[in-house]
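Please study the structure shown below before attempting the exercises. Each exercise is followed by a worked solution.

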Amino acid sequence: PFQFDLALGELTQKGKRVPLTDAEIALLRALGAQLGEVLSRETLCKSVGGGVNERAIDVQVTRLRRKIEPDPGFPRYLRTVRGQGYRLVDA
């Protein structure tokens, strides 16, 4: 139901733009560029930049899930891989 333009950093749902923060765009770019691959929190920190720590990545993931998941408590697209990091899947 979503499309993300990596180059533009634009997320749309059914043709309507979903507002994202710069950090959310950076996070989606990193995850989208390696769809299905697990990215560690450390890798995601580097992708987001700005001295972001691993806890901040968890917060950004939670916020992003609220925007893209039908039920953020049971994520379908942005999944946690325990002890490893996160991955974005095309469910």
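The exercises that follow concern helix packing, burial and salt bridges in this predicted model.

**Exercise 1.** Determine how helix α2 and helix α3 are oriented towards each other, and which residues make the contact.

*Solution.*
Step 1. Two packed helices are described by the angle between their axes and the distance between the axes.
Step 2. For helix α2 (residues 41-48) and helix α3 (residues 54-68), the angle is about 80 degrees and the axes are 9 Å apart.
Step 3. Angles of 65 to 115 degrees count as roughly perpendicular, so α2 is roughly perpendicular to α3.
Step 4. On the α2 side, the contact involves Arg 41, Glu 42, Leu 44, Cys 45 and Val 48, while α3 contributes Glu 54, Ile 57 and Asp 58.
Step 5. Sorted by class, the contact of α2 with α3 has four nonpolar and four charged residues, and no polar ones.

**Exercise 2.** Identify the buried residues of α2 and state where they lie around the helix axis.

*Solution.*
Step 1. Buried means under 20% relative accessible area; in α2, Leu 44, Cys 45 and Val 48 are buried.
Step 2. These residues cover an arc of only 105 degrees around the axis, and therefore lie on the same side of α2.
Step 3. The buried residues of α2 pack against α1 (22-33), α3 and β5 (85-88).
Step 4. After α2 comes Gly 49, which has a positive phi, near 75 degrees.

**Exercise 3.** Describe the salt bridge between Asp 58 and Arg 41, and state whether each partner is buried or partly exposed.

*Solution.*
Step 1. The closest N and O atoms of Asp 58 and Arg 41 are 2.7 Å apart, and a salt bridge requires a distance within 4 Å.
Step 2. Asp 58 lies in helix α3 and Arg 41 in helix α2, so the pair ties together parts that are 17 residues apart in sequence.
Step 3. Asp 58, at 16% relative accessibility, counts as buried, whereas Arg 41, at 23%, counts as partly exposed.

**Exercise 4.** Describe the salt bridge between Lys 46 and Glu 42, then name the residues joined into one network by salt bridges that share partners.

*Solution.*
Step 1. The side chains of Lys 46 and Glu 42 meet at 3.5 Å, N to O.
Step 2. Both residues belong to helix α2 and are four residues apart, so about one helical turn separates them.
Step 3. Lys 46 is exposed, with a relative accessible area of 64%, and Glu 42 is partly exposed, with 46%.
Step 4. The network of salt bridges with shared partners joins Arg 41, Arg 55 and Asp 58.

Technical notes:
Residues numbered from 1 in each chain as written. Predicted model: local features only at pLDDT ≥ 70, side-chain atom pairs only at ≥ 80, totals over all residues. Heavy atoms only, no water. Axes fitted to C-alpha atoms, helices over the stretch in contact; angles between N-to-C directions. Helix = DSSP H or I, 4+ residues; strand = E, 2+ residues; numbered from the N terminus. Parallel < 35°, antiparallel > 145°, perpendicular 65-115°, else oblique. Contact = heavy atoms within 4.5 Å. Nonpolar A, V, L, I, M, F, W, Y, C, P; charged D, E, K, R; others polar. Buried < 20%, exposed > 50% of the residue type's maximum accessible area, 1.4 Å probe, protein only. Arc of directions from axis to C-beta.
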